[in-house]
Amino acid sequence: MPLPEGFLQELKDRNDMTDVASTYVSLKRRGRNMVGLCPFHGEKTPSFNIYPENGSFYCFGCGVGGDVITFIMKIENLDYIDAVKFLAQRSGLNMPEDTYDDSMSALRKRIFEANREAARFFYKTLYSENGRRGLDYFHGRALSDKTIRHFGLGYADPERFSLCNHLRSLGFKPSELISANLAFQTRNGSIADRFYDRVMFPIIDLRGNVIAFGGRIMGDGKPKYLNTSDTPVFKKSSNLFSLNNAKNSGERSLILCEGYMDVIAVNQAGFQNAVATLGTALTNEQALLMKRYADEVIICYDSDEAGQKATARAIGFLRNAGLNIKIISIPQGKDPDEFLRNKGDSAHDAFKNVIEGSGNDVEYRLTKLRQSFNLEISEGKVAYLTEAAKLLATLDNAIEQDVYISKLCKELEVSPDAVKQQIKKYGRKRYYEKRNENFRNMRQDLSGRNDKVNTERYKKPRVATAEEGIIAYLLKNPDRLAMIENELSAEKFQTEFNRKLFEYFSRRIKNGQDALSSVSGDFTQEETAKIYQIANSDYARMSNDNTARENIKVINDEYFKQRVSDPANADMDSIAEQLRRMKESRK
């Protein structure tokens, strides 16, 4: 059953959209609305809008939108019921009993519990006779028992059914263990452990829940690292290993490492603000997540070719997210874990010196470019400066550009004017390429071809726009439903999604319910975003009785045109009505 209307309304009243969003986003007032940099995609110009009038948000950059429940679902990676529970707990509101479908929330809870028991089992196994091999591995990597305990490290023994048997003895169902990705179904229908003969690294979210595991194999088999696949409680592209520790470090910087062992070694050396991705390259979601807890990211990847490629990729995402970047260069090409192990008791001071000696991402990229050219010959100098100019043209800060221009020209003894002219040329080219791309996207948006929710929109843009105008007018003026229905019926809507919305909102208004209060529970996140885009659009703000009647006329005209042009649906009444409308339009 759905949640009670009164409860949802009180939940939203107690969790003001602006107050909730401001704990994640820096907001400024613009007219009646609040604006800020979107937490869901990287941007430099604010396009994230909050509308206090109806308690909603919409980003014109990435198209994400909704109410306060949708916001928490998106930013905390929760399902609908768990987002409601999150907001209820935040505002001291008790959840109603037995009035909602809690099946997904119940499954998530069981997965959390199974993961917690699995982490305890792996840790206990590590310090048992069966886990001697794993404990020797960790001690051989110079990890102390205190560090092992702090990270909850463990061992999955070689027996293929140990964990499954243990968890089933605690009452967990096979389906729950498979949903948690702790087990898989064998050909004969039984279940077996996903992780075996591996040292285990629990992945813990910001609320202290064990959400997944990473496991390193003890031999030479493949894959070397095995990670939990995405589950109802875990999405690897939007989580980071040890962020639960790093957020409490008191620092506004994060050290981004390549793997679990690097993070743990850096942490043991006294730097609690280290994190790592989870078996994948850095994603835009992870960069935006880091932005919530840091102003600066220090990239500490391996110095091999793969590490350099990963660094280059990460720079783009981190810059897009608005983060300052530094790049650590580990002496003698070692990885961070090996470097710190070799330093022993002086590991902290040695790593601190490496951080203090690190350069920013522009210096790093210029150094990499420089290594590709022979600067002893004129052709090499020209080629290097040309590529350097292309790089500096991507910087938005003119002062930052000028600093590097001066440095380059001094080193290579060339005129700053020539380099500035080249940068200006590439900057203009980049500007026009970006402008043309924006124009293309704008045309696609206006035509409706980018509309993934109302997929019929681009075929019928005129009537679809009128339909959205009526929906926006109805949301703003629910008391005018009778007037609309007197002249317009749902069957005349020609796009299925808009017809569905009109019927949904009409039904709620007739039942005395708030039109928007249950949207985030009744529609997908993409549909919810589309609804709030309509509700907060320009034609919603400018809608009045006259524009509503104009939109009704467009919908009716298009409906009767379709009826008359389709022989299968044509009838004398439709033809007569169309002729009457044509005569009226000529007056």
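**Figure 1. The largest nonpolar core of this predicted model holds 64 residues.** Six of its residues touch the most other members: Phe138, Phe201, Phe213, Phe241, Ile255 and Phe351. Helix H5, residues 103-126, gives this core its largest share, eight residues. Another core lies apart from it and has 33 residues. Leu501, Ile509, Tyr532 and Ile555 are among those 33.

**Figure 2. Phe351 and the residues it touches.** Which residues does Phe351 touch, not counting those up to four places away in sequence? They are Ile255, Val266, Phe271, Cys300, Ile328, Ile330, Phe339 and Leu340. Ile255 also belongs to the group that touches the most other members of the largest nonpolar core. Look for Cys300 again in a later view.

**Figure 3. Strand S12 is mostly covered.** The strand spans residues 253-257, and five of its five residues are buried. Its side chains point two ways. Ser253, Ile255 and Cys257 point one way from S12. Leu254 and Leu256 point the other way. Residues on both sides are buried.

**Figure 4. Strand S12 pairs with strands S14 and S13.** How many bridges join S12 to S14? There are five, and the two strands run parallel. S14 covers residues 296-300. Three bridges join S12 to S13, which covers residues 274-276. S12 and S13 also run parallel. Ile255 of S12 takes part on both sides. Opposite Ile255 in S14 stands Ile298. In S13, Ile255 has Ala274 as its bridge partner.

**Figure 5. A right-handed β-α-β unit is built from S12, helix H11 and S13.** Helix H11 spans residues 260-268. Follow the chain from strand S12 through helix H11 to strand S13 to trace the unit.

**Figure 6. The model has zero disulfides.** Why is Cys62 not bonded to Cys59? Their sulfurs are 3.7 Å apart, and Cys59 holds the closest cysteine sulfur to that of Cys62, so the gap is too far for a bond. A disulfide needs two cysteine sulfur atoms within 2.5 Å. Cys62 counts as partly exposed because its relative accessibility is 31%. Cys300 is in no disulfide either. Its nearest cysteine sulfur belongs to Cys257, 4.7 Å away. Is Cys300 buried or exposed? Cys300 is buried, with a relative accessible area of 1%.

**Figure 7. Ser105 sits in helix H5.** Ser105 is buried, and its relative accessible area is 4%. The side chain of Ser105 makes a polar contact of 3.0 Å with the side chain of Lys85. What else does Ser105 contact, leaving aside its neighbours within four places in sequence? Besides Lys85, Ser105 is in contact with Asp79, Ile81 and Asp82. Helix H5 has appeared before: it supplies eight residues to the largest nonpolar core.

**Figure 8. Thr495 lies in a loop between two helices.** Helix H21, residues 481-487, comes before this loop. Helix H22, residues 496-510, comes after it. Is Thr495 buried or exposed? Thr495 counts as buried because its relative accessible area is 0%, and buried means under 20%. The side chain of Thr495 makes a polar contact with the side chain of Glu467, at 2.6 Å. Thr495 also touches Asn454, Glu456 and Ala464, not counting residues up to four places away in sequence.

Conventions:
Residues are numbered from 1 along each chain as its sequence is written. This is a predicted model: local features need pLDDT of at least 70, side-chain atom pairs count only at pLDDT 80 or more; totals for chains, interfaces and linings use all residues. Side-chain values use heavy atoms; hydrogens and water are left out. Helices (H or I, at least four residues) and strands (E, at least two) are DSSP runs, numbered from the N terminus. Buried means under 20% relative accessible area, exposed over 50%, partly exposed in between (1.4 Å probe, protein chains only). A polar contact is a pair of N or O atoms within 3.5 Å; within protein, one must be able to donate a hydrogen and the other to accept it, and residues adjacent in sequence count only if both atoms are side-chain atoms. Contact means heavy atoms within 4.5 Å. Two strands pair if DSSP finds at least two bridges between them. A crossover is right-handed if, with the strands pointing away from the viewer, the path from the first strand over the helix to the second runs clockwise. A nonpolar core is a set of buried Ala, Val, Leu, Ile, Met, Phe, Trp, Tyr and Cys residues joined through side-chain atoms within 4.5 Å.
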